[in-house]
Amino acid sequence: MSTTPSRRDVLAGGTAIGGALAVGGMAAVPAQASAPLLGSASAPAVEPQAAEDSWRAVLDDADPLWRTMPATWFEGPFLGNGFLGSGIYAEPGANAVRFTVQHSEVQDHRPEFGSLFGLARLPVGHFTLEPVGTITGVDWRLRLRDAELTGTLTTDKGTLRLRASLHTSASVLAVEITPSRGERGFRWVFHPAVSISPRAAHKPIPQGYEANPPALIEDHDDALGQLTAAVQPLRAGGQYVTAWRDRERHGSRTLYVSVTHSHPRATARDRALRTVRAAALAPYDLFVLPHRVSWQRYYRKSFLSLPDARLQSFYWIQLYKIASAARKDAPVMATCGPWLESTPWPATWWNLNVQLEYWLIHGSNHLELDAVTRALSEYRDQLTAEVPAPYRTDSAGVPRTTDARLVNGGPTPPDQGFGVGVPGQDPPTPEVGNLVWALHNVWLSYRHTMDESTLRDVLFPLLRKAVNYYLHFLDTGPDGRLHLPATSSPEYGVNSADCNYDLMLLRWGCRTLLSAAELLGVKDPLAPRWQEVEARLVPYPTDENGFMIGATVPFAKSHRHYSHLLAVYPLYEITGRTAEERALIETSLAHWISFEGALQGYTFTGAASMSALLGKGDDALGHLGELMTRFIQPNTMYKESGPVIETPLSAAQSVHDMVCQSWGGVVRVFPAVPAAWRELVVHDFRTEGAFLLSAVREEGRTRWVRITSEAGAPCVVRHGIEGPVDVRDRRGRPLAHEESADGSLRIPLGKGEAALITAAGDRPALRIRPVGPNAPAARWGLPT
């Protein structure tokens, strides 16, 4: 058997390095027809059985609680559906509870002031729930399973029992209040926000920039009573509108709220009024029924249980959070998701934030949330428009900051937006690799689904243009190697020739284009140039401390970003396949995190995932522990001067990297499990190659692994089961397979076929259920 995969195998099964490792040295193991079947002679289907209450148990255990009134956004419960978002906490300086209403489509449309002012996300406003009496206590629970806040607000005059949800499809916030006698006079008040970029509170305002005009409050009466709208006009044309109705039924009152946005036409008001009128026809329970069903179906697409009770709860809250913040047809998440608070970052950031925000969707089997692939495809013409004019015939790029349509605006000073730079020039900052990195997310979506249309229609044509931009600037040095002029490694602040951020992305881009062209049967005239780059590109600059920022800039100061380490993670181009390579990763990682001062939360999620790559589960868990202790807020949100959503979501991906890795065409089961995790369960975990993985670890060893192929891609599994194994199909019959010296199995699985791997002679019960915690853990929220 050849140990060198073709380029077609590379893209079908991972990188060339990983593919070669996976198949090298395998020996054929024929199926034994006489081997005993699983169970009795009439063996049942080999299907994992998940207890009906498994999801209920982990979700109920993860529900955050509030026994103390949350004082800020970072403490309170939150609701969302990818478009509309609401955070709940005390109204500052008042005897009231704030329910924010923000919307991911609401933005300004004045590109002359750049993405951070003229195209920024705009605040909508908030409602206050104002009781009759003085608030004396709260008892709230955010029920993840139903995406619903329930509980009571206690005052010195009585109680207000509440239920609140933000409908997953109707885009309506519904809050039902059932008051005791003394609280029947409670009221709702809407407070429109000043329609100005939130960055204005943090940075100087551009000359000529001013807020949009104040909102106009309108009353509309119909057969059901009063309907109110706050109409916010925009100076650039269009409007956004908050409409609401407070309807009473049988001693309870339900507030129905919707927000809509339109530009350049002023059509948002009519849509908002129609939405609220329709929603208010149904009582609360009937209105939220399809919402509850939808959320319960959502969670059942995958399952994960581990014995660290606090981390398990955190993980399930991130699954709730990502579905509250993301939809395929919603804007790519801004730094704060749909919950806009005071922030210097009221835009979409493409030099790390977007990428980290969406990694979670792949393993958790939620590709329905992939807005990145959709947006890059839908606005591909804008990607060409964002590179400097001389390169627009064949190149594309994405700025560091954009609005929902990938527009940066300007030309503007750097503090108002960050466009695509030019290698070798400054200003503007020559940050040029962000589109290639964003397209790595698209590549992950392709690999986890094996949907060829994603490869053919989105990844290949856009990556071709993104790599083309680099090709304009490559030059042959005295050493005969191809070199890049000075570019910027995001956030380090010093430009360098042969910057590792760009070299790593460029090499990955050329390799991926060559593999994609072969798989698609495309004879691209640029293929020889990609091959030349792959062969002649200068090696990544290193010194005694590991990877440098670039050839002229050592890594020598505290730096939160792992922009100089992308070849290690997430590109998996350098994986520790030799002792020297492993030492390089270990040295670079240790040196990076040794500088205190600028380290932030995603520093530790990156360090955790790199440790997981090396199989160091305890180190990975330690880095996540640092994250939780230093940075994660009571409601699992995260802040750096303002709300930043990517870090907790990427921490969930770090957990994924500990329990399963599938880079390089190999599915690795439990590759970096901490010693304390003696019990572990995953079910329908989605891997590269479009496989669904279920596996159980009991008493410190992997008991069984089941893998189902959705696409018929090459299947190589590093299962971790010690000793000889049995491999069986859905009906318990032995499956032919090939085994390598490292224990990996190559199993020929067609589309829709499945394999069960167990220790030879073992017949475990294929049960999916939560594992017991090693120790009790406090609830998230403010439970005391």
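These legends accompany several close-up views of one predicted model.

**View 1. His483 and the residues around it.**
Let us begin with a single histidine. His483 belongs to strand β21, which covers residues 482–483. Is the residue buried or exposed? His483 counts as buried because its relative accessible area is 18%, and buried means under 20%. Two aspartates meet the side chain of this histidine. The side chain of Asp479 makes a polar contact with the His483 side chain at 2.9 Å, and the side chain of Asp498 makes another at 2.6 Å. Once neighbours within four places in sequence are set aside, the contacts of His483 are Phe473, Leu474, Asp475, Gly477, Asp498 and Val538. Asp498 thus appears both in that contact list and as a polar partner of the histidine side chain.

**View 2. An open sheet of six strands.**
Follow the strands across this view in the order β17-β28-β29-β30-β35-β32, and you have an open sheet with antiparallel pairing. The edge strands are β17 (303–305) and β32 (725–728); each has a single partner strand, so one side of each is left without a neighbour in the sheet. On average, neighbouring strands of this sheet are turned by 15° against each other, direction ignored. As you trace a strand, it may help to remember that side chains in a regular strand alternate between the two faces of the sheet.

**View 3. The pairing of β30 with β35.**
Here we step into the sheet of the previous view. Strand β30 takes in residues 701–709 and strand β35 residues 754–759; the two run antiparallel and are joined by five bridges. To find your place, look for Thr708, which stands opposite Ala754 in β35.

**View 4. The largest cavity and its lining.**
How many cavities of 30 Å³ or more does a search of the whole structure find? There are five, and the largest has a volume of about 300 Å³. Its lining is made up of 24 residues, and those nearest the centre of this largest cavity are Leu444, His448, Tyr572, Gln653 and Glu688. Several helices and strands take part: α9 (360–363), α12 (434–449), α19 (646–659), β26 (660–661) and β28 (680–687) each give at least two residues to the lining of the largest cavity. Which element supplies the largest share of that lining? Helix α12 does, with four residues. Strand β28 may look familiar, as it is also one of the strands of the six-stranded open sheet.

**View 5. Strand β8 between two partners.**
Strand β8 (residues 135–143) pairs with strand β3 (residues 65–66) in the antiparallel sense, over two bridges. β8 also runs antiparallel to strand β9 (residues 148–155), and eight bridges join these two. Arg141 is a handy landmark in β8: it is the bridge partner of Leu65 and also stands opposite Thr150 in β9. Where β8 turns into β9, the two form a hairpin with four residues between them, and Ala147 in the turn has a positive phi of about 50°.

**View 6. Ala375 in helix α10.**
Our last stop is a small residue in a helix. Ala375 lies in α10, a helix of residues 371–378, and it counts as buried because its relative accessibility is 0%. Apart from neighbours within four places in sequence, Ala375 is in contact with Val332 and Leu406. The view also includes Ala330: the two alanines are 45 residues apart in sequence, and their C-alpha atoms are 9.0 Å apart in space.

Technical notes. Residues are numbered from 1 along each chain as its sequence is written. This is a predicted model: local features need pLDDT of at least 70, side-chain atom pairs count only at pLDDT 80 or more; totals for chains, interfaces and linings use all residues. Side-chain values use heavy atoms; hydrogens and water are left out. Buried means under 20% relative accessible area, exposed over 50%, partly exposed in between (1.4 Å probe, protein chains only). A polar contact is a pair of N or O atoms within 3.5 Å; within protein, one must be able to donate a hydrogen and the other to accept it, and residues adjacent in sequence count only if both atoms are side-chain atoms. Contact means heavy atoms within 4.5 Å. Two strands pair if DSSP finds at least two bridges between them. Axes are lines fitted to C-alpha atoms, for helices over the stretch in contact, and angles run from 0 to 180 degrees between N-to-C directions. On a 1 Å grid over the protein atoms alone, a cavity is a set of points where a 1.4 Å probe fits but cannot get out, and a pocket is an open set with protein on both sides within 12 Å along at least five of seven lines; lining residues have an atom within 4 Å of a point. Grid points are joined across faces, edges and corners, and a volume is the space filled by probe spheres set on the points.
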